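Student: Could you take me slowly through one part of this structure, the strands that line up into sheets, and tell me how they are arranged?

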Amino acid sequence: MERALELAKMGIGMVNPNPLVGAVIVKDGEIIGEGYHERYGEAHAERNAVKNATRSVEGSTIYVTLEPCAHYGKTPPCVDLIIEKKFKKVVIGMLDPNELVAGKSIEKLQQHGIEVLVGVKEEECRKMNEIFIKYITSKTPFVILKSGMSIDGKIATYSGESKWITSEESRMDSQNLRNRVHSIMVGVNTVIADDPELTCRINNEKILKRIIVDTTLRIPLDSKVIKNEDKNTIIVTTRLADISKKQMLIDLGIQIIEVQEKNNKVDLKELVKELGKEKIDSILIEGGGTLNFSALEEGVVDKIIFYIAPKILGGETSKSSIAGKGFSKINEAVKLVNTTYRKIGEDLVIEGYIEKNN
């Protein structure tokens, strides 16, 4: 199963909104086949493992990180292939939370006399597919809030200089994070100030959906995210937007999503629901302090990743990672659970999940 997990992770950046899945076939104590889900819409891990097998798989055991599919999607059910090839045993990391599967494969396998073992390295399997689990069960994206800052929480000096606070190692790690998700979100202020490309530098095949939150459509028409040839930019706005500017952006091939406003800003709760309908399974927020606070205040964030450099910038007017009005009482603070810490270069990386009250 450890090897199956390693294989599954080779699909990072290529399978969204599908899950990461790896499979290993063992016969007479020897691995005879391996496979993983390589790309969205293509063969699943089990089929690739069977195809790559060096000899007959009849009577063998297959280890797979996720319960084999039992329904027709873009590919036929893998459970039927396992039955057809006369496997002896199936070892499964975790049940598929997809209601189209959800234990049905296990029942079918057992009906055909195939031994099934479930829950091997389940925690690791669930952690690997936390994006898929959230999306398939709620139809809304898994939202990660990422920020790089000084040790006193600043993302820029009082003069506006922000490159570079964190280390090269941290910036490369954040590129790996971009490769993991389906989309990246910033506010229009970030576009105006930095004119970012919002691309994934470590995977040329990866085309991120770029989501720009822009309540009144202030975005410059010559921004890099507008001029990018792949036309994968979505601008989210409200009825407060300039209608003529909206048409100009549409004419440039930009997708516009209009949602309700809340306190004269984009309603982020409504937004994540709309993005879920667009089959976007995950969002990486790399915004400024205003968007970051709004996302936390509205309760749309699932996970935070903060890169903290051992530098002190100070300054009352220096931009902070989390801005907005803030919370007036300590008991209103956003709390993290399952927090981990690691070091990259000279920087400290803090990861944690937002404690949900419901």
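Tutor: What follows is a close look at the sheets, taken strand by strand.

Please keep in mind throughout that this is a predicted model. Let us begin with the open sheet of five strands, whose order is β2-β1-β3-β4-β5 and whose pairing is mixed. At its edges stand β2 (30-36) and β5 (115-118), and because each of them has a single partner strand, one side of each is left without a neighbour in the sheet. From one strand to the next, the twist averages 15°.

Strand β1 covers residues 22-27, and five of its six residues are buried, so this strand is largely enclosed by the rest of the structure. On one hand, β1 runs antiparallel to β2, to which six bridges join it, and here Lys 27 stands opposite Glu 30 in β2. These two strands form a hairpin with two residues between them, and Asp 28, which lies in the turn, has a positive phi of about 55°. On the other hand, β1 also pairs with β3, again in the antiparallel sense, over four bridges, and in that pairing Val 24 has Tyr 63 of β3 as its bridge partner.

The mixed character of the sheet becomes clear when we move on to β3 (residues 61-66) and β4 (residues 89-94), for these pair in the parallel sense over five bridges. Thr 61, for example, has Lys 89 in β4 as its bridge partner. Across β4 and β5 lies helix α4 (residues 104-111), which runs at about 150° to β5.

There is also an open sheet of nine strands, with mixed pairing and the order β10-β9-β8-β7-β13-β6-β14-β16-β15. Its edges are taken by β10 (255-258) and β15 (336-344), and since each has a single partner strand, one side of each is left without a neighbour in the sheet. Neighbouring strands here are turned against each other by 20° on average, if direction is ignored. Within this sheet, β7 (residues 183-187) and β13 (residues 282-285) run parallel and are joined by three bridges, and Ile 184 has Leu 284 in β13 as its bridge partner. Helix α6 (residues 130-138) packs on the sheet, where it touches β6 (142-150), β13, β14 (303-309) and β16 (347-354), and the direction of α6 makes about 135° with that of β6.

Terms used. Residues are numbered from 1 along each chain as its sequence is written. This is a predicted model: local features need pLDDT of at least 70, side-chain atom pairs count only at pLDDT 80 or more; totals for chains, interfaces and linings use all residues. Side-chain values use heavy atoms; hydrogens and water are left out. Two strands pair if DSSP finds at least two bridges between them. Axes are lines fitted to C-alpha atoms, for helices over the stretch in contact, and angles run from 0 to 180 degrees between N-to-C directions. Contact means heavy atoms within 4.5 Å. Buried means under 20% relative accessible area, exposed over 50%, partly exposed in between (1.4 Å probe, protein chains only).
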